[in-house]
Amino acid sequence: MAQTESDIISRCQCGDKAAFRWVVEHYQRMLFSLALKMLANEEEAKDVVQETFIRVWKGIRNYDPDKSFATWLYTIGSRLCLDHLKAMKPAVSLPDDISVLRQYATEDDSQRILENSEWISIIRTLAEGLSEKQRLVFTLCQLEGLSIQEAEEITGQDAQQLKSNLYVARQAIRKRLKELGFED
């Protein structure tokens, strides 16, 4: 008999490590994607994912099953990313980062999957100058494809704040693209 996610989470809440292994295997890519895009540093992203799962394991008894489990994970992961961003030196794009962006922008294969190092270069280049909140909202809504409602739950910001941060982030990225010669 196949178990549902809620059954697995209930087992985790009872201390079942095998069930938690399923949670980790099922959600680690999602969390790594978020952390990599937020932090533009592969090692920091791995640390955040690990720290997220440690917090999830310790706090899973407090999870409200009426809420989306993925949203709960995103909330924990995004807050840890913000903490790491505050502690890190600002990432400045390097000339190599800009060349990676130029190469990617001129590639014919739009279905191409980016390697982690390429994502890091592109994000470092485009996110230069964004605040942590703007970077988080842009990552959640534009790069991860979450809805405004999901982003509201994750960030604790209301829809107006989210839309404002997203607008400012888009404008800053558009300006950065113009500076790099990608838009007229």
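**View 1. Contacts across the whole chain.** In this predicted model, residues 24 or more positions apart account for 67% of the contacts with a separation of 6 or more. Welcome to the fold: the secondary structure comes to nine helices and zero strands, and reading along the sequence gives the pattern α-α-α-α-α-α-α-α-α. Of the 184 residues in the chain, 42% are buried. The chain exposes about 10700 Å², and carbon and sulfur atoms supply 47% of that area.

**View 2. Helix α9 and its two sides.** Let us turn to α9, which covers residues 159-179. This helix has 21 residues and reaches 30 Å from its first C-alpha to its last, close to the 30 Å expected at 1.5 Å a residue. Which residues of α9 are buried? They are L162, N165, L166, A169, I173, R176 and L177. Seen down the axis of α9, these buried residues fall within an arc of 110 degrees, so they line one face of the helix. On the other side of α9, look for Q160, Y167, K175 and E179, which are exposed.

**View 3. The two ends of α9.** At the start of the helix, find D158: one of its side-chain oxygens comes to within 3.1 Å of the backbone nitrogen of Q160. Now travel to the other end, where α9 is followed by G181. The phi of G181 is positive, near 85 degrees.

**View 4. T155 in helix α8.** This close-up shows T155, a residue of helix α8. Is T155 buried or exposed? With a relative accessibility of 18%, T155 counts as buried, because the cut-off for buried is under 20%. A polar atom of the T155 side chain lies 2.8 Å from the backbone oxygen of A151. The T155 side chain also reaches the backbone nitrogen of Q157, at 3.1 Å. Leaving aside residues up to four places away in sequence, T155 touches L136, L140 and L162. You have already met L162 among the buried residues of α9.

**View 5. A salt bridge between E144 and K37.** Here E144 and K37 form a salt bridge, with their closest N and O atoms 2.9 Å apart. E144 lies in the loop between α7 (132-143) and α8 (148-155), while K37 belongs to helix α2 (residues 17-39), so the pair ties together parts that are 107 residues apart in sequence. Both E144 and K37 are buried.

**View 6. A salt bridge within helix α3.** In this view the side chains of R55 and E51 meet in a salt bridge, at 3.4 Å from N to O. How many residues apart are R55 and E51? They are four residues apart in helix α3 (residues 42-59), which means that about one helical turn separates them. R55 is partly exposed, at 43% relative accessibility, and E51 is partly exposed too, at 27%.

**View 7. D16 with R11, and a network of salt bridges.** A search of the whole structure finds five salt bridges. One of them joins D16 to R11, whose closest N and O atoms are 2.8 Å apart. D16 counts as partly exposed, at 25% relative accessibility, and R11 is partly exposed as well, with a relative accessible area of 29%. To finish the tour, look for E42, E43 and K46, which salt bridges link into a network.

Definitions and conventions:
Residues numbered from 1 in each chain as written. Predicted model: local features only at pLDDT ≥ 70, side-chain atom pairs only at ≥ 80, totals over all residues. Heavy atoms only, no water. Expected span 1.5 Å × (residues − 1). Buried < 20%, exposed > 50% of the residue type's maximum accessible area, 1.4 Å probe, protein only. Arc of directions from axis to C-beta. Polar contact = N/O pair within 3.5 Å; in protein donor to acceptor, adjacent residues only side chain to side chain. Contact = heavy atoms within 4.5 Å. Areas by Shrake-Rupley, 256 points an atom, 1.4 Å probe, with all protein chains shown as cover. Salt bridge = Lys/Arg side-chain N within 4 Å of Asp/Glu carboxyl O.
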